[in-house]
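Pull up the model and let's take a walk through it. We'll go from the sheet to the helices and finish with the rings.

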Amino acid sequence: MIELLKKSVLIILLAFMTLTMIPASKNAKPETAEPEYIKPENLQPMNEMVIYPPVRPRVFYKPTMLAQTAGNAKEIIVEEPETEEVYAYSDDEKELIARVVYAEARGERFEGQVAVAQVVINRFESGRFGKTVKKIVFAKHQFAVSSKYNEKSMQAVETAIEERIHPENMFYFQVSKRKKWRNFVFYDRIGNHNFFCSKK
């Protein structure tokens, strides 16, 4: 009886071992891992989106250029700066001024002669003392006028016209050391002459 029981147990063990060693069938599906779901509260926040400003259009500094306005190209005409017309003095007018320079300042250094010439030029160009150089030069009790001039006095006239060293309202001069004269504004002393400007 005992022997029969031992044989029965042995047969059962062999049968169990045989079953566990049988390979899986072709139709058997492999086990797959379940997808891992993340709760909304565990989500990591995304980086904020960076918004760059629009690129400004290039502007070309030319007399005619394009500018962007509301997405449309618009032509803009840039006006050139206005230039003042320079009065062209005739040879006769230059000679008249040179005669004043020779009479009033022929013994002065060159800077003083230029200043005298510019007084005459300033008076003419201001339009306040006469409409012609001749009227300015021969105005009563204003300037001494010689019948001649020399090369230095003419050069002083040319320099005064071209360089405009002194203020445009320098209208007066006198042989004096006084810095006060009527209601004029003292400007500078050059040689033996004091020069004055009008009040603007």
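What follows is a short tour of this fold, one element after another. Keep in mind that you're looking at a predicted model.

Let's begin with the sheet. It's an open one, built from three strands in the order S3-S5-S4, and the pairing is antiparallel. Out at the edges sit S3, covering 170-174, and S4, covering 185-190, each with a partner on one side only. Neighbouring strands here are turned by 30 degrees against each other on average, if you ignore direction. As a reminder, strands of a sheet pair through backbone hydrogen bonds, either parallel or antiparallel.

Zoom in on S3 and S5 (residues 193-197), and you'll find them joined in the antiparallel sense over four bridges. One of the residues to look for is Tyr172, whose bridge partner in S5 is Phe196.

Now bring in the helices. H3, residues 110-126, lies across S3, S4 and S5, and runs at about 135 degrees to S3. H2 spans residues 91-105: its 15 residues reach 20 Å from first C-alpha to last, close to the 21 Å expected at 1.5 Å a residue.

What do the buried residues of H2 pack against? They meet H3, H4 (133-137), H5 (151-163) and the strand S5. The buried set includes Leu96, Ile97, Val100 and Val101, and charged residues turn up too, with Glu93 and Lys94 among them. It helps to recall that an α-helix has 3.6 residues a turn, so residues three or four places apart point the same way.

On to the rings, which make 13 aromatic pairs in this structure. Take Tyr87 and Tyr89: their rings meet edge-to-face, 4.7 Å centre to centre, with 85 degrees between the planes. Is each of these two tyrosines buried or exposed? Tyr89 counts as buried because its relative accessibility is 9%, under the 20% cut-off. Tyr87 has a relative accessible area of 36%, so it falls in between and is partly exposed.

Elsewhere, ring pairs link Phe129, Phe171, Tyr172, Trp181, Phe184, Phe186 and Phe196 into a cluster. You've already met two of its members, since Tyr172 and Phe196 are the bridge partners from the sheet.

Two arginines round things off. Arg123 lies over the face of Phe129, at 4.8 Å from the ring centre, and Phe129 itself belongs to the cluster. The charged end of Arg106, meanwhile, sits over the ring of Tyr102, 5.0 Å from its centre. That tyrosine, Tyr102, is one of the buried residues of H2.

Note on methods:
Residues numbered from 1 in each chain as written. Predicted model: local features only at pLDDT ≥ 70, side-chain atom pairs only at ≥ 80, totals over all residues. Heavy atoms only, no water. Pairing = 2+ DSSP bridges. Axes fitted to C-alpha atoms, helices over the stretch in contact; angles between N-to-C directions. Contact = heavy atoms within 4.5 Å. Phe/Tyr/Trp six-rings, centres within 6.5 Å; stacked < 30°, edge-to-face > 60°. Buried < 20%, exposed > 50% of the residue type's maximum accessible area, 1.4 Å probe, protein only. Lys NZ or Arg CZ within 6 Å of the ring centre and 35° of its normal. Expected span 1.5 Å × (residues − 1).
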